[in-house]
Amino acid sequence: HRMYSVTKSFTALAAGLLVKQGRISLDDKICGYFPEKLPPEGAHPWCAEMTIRDMLTMRTCHSSTTFSGYGGDWTESFFRVKPDHMPGTVFQYDTGSSHVLSALTEKLTGMPMLDFLRKEALNRVGFSREAYIIPDPYGVSQGGSGLMCTLRDLAKTAWLCSHYGNLDGEELFPLSYMQEA
């Protein structure tokens with residue numbers, strides 16, 4: 001079944017793994033990871049200030065999903081659509097920020113986001129091999145809404161999260177990250 005917005009939680013778990021591996025910090029500015037997606041004149045100052053933490057908490061500089069009606073690369077739209085407000089100031093439920101975090105995961109790991117999650121943690125709890133995440137038209141896993149899996153997969157992942165990412169004494173996800181999440 002398509003799990004739609006539950007996918008956002010899996011994207012957040014992938015970000016936690018990137019933190020654990022030292023590939024990102026929650027206070028990193030997202031624009032630094034995507035210079036190729038910025039407008040030629042550079043990022044809008046509000047976009048330039050946006051952190052990964054702002055994205056995970058849906059406090060970006062956008063008041064709506066940027067790729068809706070953009071007519072191009074979904075990830076690029078996040079950096080090119082004019083912002084509405086300073087990041088960190090307004091909560092706005094948004095699929096776009098999760099999608100960009102999925103793109104970040106795939107860029108840094110060189111693999112589809114769900115494959116990364118499986119390799120690092122989900123295989124350990126028996127997450128199904130048939131599950132997948134629908135890609136956007138540009139090949140990036142839809143990190144905000146594209147997860148296709150079973151309810152059993154969700155239950156296994158929820159169990160792992162309810163134990164703060166700890167499985168039989170092994171910290172699969174960083175405890176401090178899971179507590180903050």
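In this predicted model, helix α1 passes α5 in a left-handed crossing, and the crossing of α1 with α6 is left-handed as well. Helix α1 also gives six residues, the largest share, to the largest nonpolar core, a core that has 45 residues. Beyond the helices, the structure holds ten salt bridges, and several residues in loops are described at the end.

**Packing of α1 against α5 and α6**

- The axes of α1 and α5 lie 9 Å apart and the two helices pack at an angle of about 40 degrees, which makes α1 oblique to α5, since this angle falls outside the ranges for roughly parallel, roughly antiparallel and roughly perpendicular.
- On the α1 side of this contact stand Lys8, Thr11, Ala14 and Leu18, and they meet Thr95, Ser98, Leu101, Ser102, Thr105, Leu108 and Thr109 in α5.
- For α1 and α6, the axes come within 10 Å and cross at roughly 60 degrees, and these helices are therefore oblique to each other too.
- The residues of α1 that meet α6 are Phe10, Thr11, Leu13, Ala14, Leu17 and Leu18, while α6 contributes Met113, Phe116, Leu117 and Glu120.

**The largest nonpolar core**

- Within the largest nonpolar core, the residues with the most contacts are Ile30, Phe79, Leu117 and Phe173.
- Two or more residues of this core come from each of the elements α1 (7–20), α3 (52–56), α4 (74–80), α5 (95–109), α6 (113–120), α7 (151–162) and α8 (175–180).
- Which residues does leucine 117 contact once its neighbours within four places in sequence are left aside? They are Phe10, Leu13, Ala14, Leu17, Leu122 and Phe173, and among them Phe10, Leu13, Ala14 and Leu17 also appear on the α1 side of the contact with α6.
- As general background, nonpolar side chains tend to be buried together in soluble globular proteins.

**Salt bridges**

- Lysine 107 and glutamate 36 form a salt bridge in which the closest N and O atoms are 2.9 Å apart; because lysine 107 lies in helix α5 and glutamate 36 in the loop between α1 and α2, the pair ties together parts that are 71 residues apart in sequence.
- Both partners of that bridge are partly exposed, with a relative accessible area of 39% for lysine 107 and of 44% for glutamate 36.
- Glutamate 49 forms a salt bridge with lysine 29, with 3.8 Å between the closest N and O atoms; glutamate 49 belongs to helix α2 (residues 45–49) and lysine 29 to the loop between α1 and α2, so that the pair, 20 residues apart, links distant parts of the chain.
- Glutamate 49, at 47% relative accessibility, counts as partly exposed, and lysine 29 is also partly exposed, with a relative accessible area of 35%.
- Lysine 37 pairs with aspartate 73 in a salt bridge whose closest N and O atoms are 2.6 Å apart; the two residues are 36 apart, with lysine 37 in the loop between α1 and α2 and aspartate 73 in the loop between α3 and α4.
- Are lysine 37 and aspartate 73 buried or exposed? Lysine 37 counts as buried at 17% relative accessibility, and aspartate 73 is buried with a relative accessible area of 16%, because the limit for this class is under 20%.
- Asp27, Arg53 and Glu180 are linked in a network of salt bridges.

**Residues in loops**

- Serine 141, in the loop between β1 (132–133) and β2 (147–148), is buried with a relative accessible area of 6%.
- The C-alpha atom of serine 141 is separated by 7.5 Å from that of histidine 99, although the two residues are 42 apart along the chain.
- Not counting residues up to four places away in sequence, serine 141 touches His99, Ser102, Glu106, Pro112, Met113, Ile133, Ile134 and Pro135.
- Methionine 58, in the loop between α3 and α4, has a phi near 55 degrees, a positive value in a residue other than glycine, and at 9% relative accessibility methionine 58 counts as buried.
- Aspartate 168, in the loop between β3 (166–167) and β4 (170–171), likewise has a positive phi, near 50 degrees, but at 76% relative accessibility aspartate 168 counts as exposed.

How values were computed:
Residues numbered from 1 in each chain as written. Predicted model: local features only at pLDDT ≥ 70, side-chain atom pairs only at ≥ 80, totals over all residues. Heavy atoms only, no water. Core = buried A, V, L, I, M, F, W, Y, C linked by side-chain atoms within 4.5 Å. Buried < 20%, exposed > 50% of the residue type's maximum accessible area, 1.4 Å probe, protein only. Helix = DSSP H or I, 4+ residues; strand = E, 2+ residues; numbered from the N terminus. Contact = heavy atoms within 4.5 Å. Salt bridge = Lys/Arg side-chain N within 4 Å of Asp/Glu carboxyl O. Axes fitted to C-alpha atoms, helices over the stretch in contact; angles between N-to-C directions. Parallel < 35°, antiparallel > 145°, perpendicular 65-115°, else oblique. Left-handed = near helix turned anticlockwise from the far one by under 90°.
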